[in-house]
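Let us read a protein structure together, one feature at a time. Each general idea will come before the case at hand.

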Amino acid sequence: MGATRRAGRGCVAIWRRCAAGHSEGASSKSARRAGGSAASAASAAAAHGPTPPPHLAAPADPVSQPAAAPASRPAMSLSGASERSVPATKIEITVSCRNLLDLDTFSKSDPMVVLYTQSRASQEWREFGRTEVIDNTLNPDFVRKFVLDYFFEEKQNLRFDVYNVDSRTNISKPDIATMQLCANKLDKKDFFGKSDPFLVFYRSNEDGTFTICHKTEVVKNTLNPVWQPFSIPVRVLCNGDYDRTVKIDVYDWDRDGSHDFIGEFTTSYRELSKAQNQFTVYEVLNPRKKCKKKKYVNSGTVTLLSFSVDSEFTFVDYIKGGTQLNFTVAIDFTASNGNPLQPTSLHYMSPYQLSAYAMALKAVGEIIQDYDSDKLFPAYGFGAKLPPEGRISHQFPLNNNDEDPTCAGIEGVLESYFQSLRTVQLYGPTCFAPVINQVARPPHCPCLSLLSVWDQPCLRQWKSWMVMTCACPLGDAMQSGTSFSSSHSETMSTGQGTRC
């Protein structure tokens, strides 16, 4: 590959797609004359990083590299964290560029995009993958996709660098194919018995080789086996190319591992999918026996009994499908939190740092707010005496506005919280059933509502306690409210508040 130069001063469009195939567009102009660099975040927060490391001055051939983390490192999330145990959703990012600089003398630029992820701990930018190189164009639409882990609770920064550099796969939806096969009159391979057949599925590669993608169980001592139904991701089976060749080998199992080859046949995902309404029969052929025997017909047949495809919908799918998250905050103002003027209190108003409640609210709220379209958050308090008559309330608006308890963004919630802390008297008891009922009333319907209840025991353990309600007109919403946290799960009782 020849020299590599920045092909900047253009517009980079990043299309984020969840596993179900919905897409969302965003664009970012390159910030420097030297090159087209763009940054994006899964939580819709953009951030630009430092200049790329020197080794990208002459990158290796990107066509031969998959658009994923290098094999020498553990799989990485968007934030660069490795070896994560937290469940993650896969998202797919497609990149296209417009109006790039023409850095070639006798032709147009040959652009390529390099994706970097930012480590949460060190803030270091690390290369995640590269697109293919497209020759002679200033408006490339890259085919190679980036498939990354998406974490709802994190702000995940990405950087896209565009280079001029002096054949392609398509990731499919996260659909799951379920199928069942049987065979009839297979060749007899065992001397004292029949055969112990099993199937091995291979996906063809662009270079003509095959990659194993599934192996069935062994059915003992039969020439007419019926295998159990099994499921396999469509992406694993065909890599998104519905016409890609799928080769299926039939073997006779041997205890010593030297399995006897019975025969093979080929198909494709598109052909398999046609069998959803009918049986499909494949001839099992052994090339060696076919060459040796003139009257050779086949080594048996394999029948596809059933085939179905189900989509796995993720949190991202629901968000892209129009689901709204209505975020409501309820803060514990009971006296068990301690005197706000004392450093031991979780409400302690230090001039040098935020209180425990404020830090927890800010950490969660800055993530949640990007999933609320209007960023207006109802904020309540409970367990306090209100001025001037000293009435005990378990549902009072932090902004002191009974008609409109919403606050503008997390900063607005924090400002109202600080103001309430100066005016109310911490009291008790702990009862947040009124707040839960309020959140689940029809004004929120039919959206999904998240109520974050900041209660003392939770903050002691640095965990927030959330209530997800169905938010439909079911009478008292406590009938459908379910609480959950990282440490426990319980169902709320009708008409009663329950501590964490």
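Q: How many residues of strand β19 (residues 376–382) are buried?

A: Strands (E, at least two residues) and helices (H or I, at least four) are DSSP runs, numbered from the N terminus. A residue is buried when its relative accessible area is under 20%, exposed when it is over 50%, and partly exposed in between, using a 1.4 Å probe and protein chains only. In this predicted model, local features need pLDDT of at least 70, side-chain atom pairs count only at pLDDT 80 or more, and totals for chains, interfaces and linings use all residues. Residues are numbered from 1 along each chain as its sequence is written, and side-chain values use heavy atoms, with hydrogens and water left out. Strand β19 is mostly covered, since six of its seven residues are buried.

Q: Which sense, parallel or antiparallel, does β19 take with strand β18?

A: Two strands pair if DSSP finds at least two bridges between them. Strand β18 (residues 325–332) and β19 run parallel and are joined by four bridges, with Ala-330 bridged to Tyr-380 of β19. Between these two strands the chain passes through helix α5 (residues 356–368), in a β-α-β crossover that is right-handed; that is, with the strands pointing away from the viewer, the path from the first strand over the helix to the second runs clockwise.

Q: Which strands pair with β19 in the antiparallel sense?

A: Strand β23 (residues 406–408) does so over three bridges, and there Thr-406 is the partner of Pro-378. Strand β22 (residues 396–397) does so over two bridges, with Pro-397 as the partner of Tyr-380.

Q: Which residues touch the most other members of the largest nonpolar core?

A: In soluble globular proteins, nonpolar side chains tend to be buried together. A nonpolar core is a set of buried Ala, Val, Leu, Ile, Met, Phe, Trp, Tyr and Cys residues joined through side-chain atoms within 4.5 Å. Here the largest core has 32 residues, of which Met-179, Leu-181, Phe-201, Leu-237, Val-250 and Leu-304 touch the most other members. Several elements give two or more residues to this core, including β10 (175–184), β14 (245–252) and β17 (301–311), while β11 gives the most, with five residues. A second, separate core of 24 residues includes Phe-333, Cys-407, Tyr-417 and Val-424.

Q: Where does Glu-312 lie?

A: Glu-312 is in the loop between β17 and α4 (315–320), and it is partly exposed because its relative accessible area is 47%.
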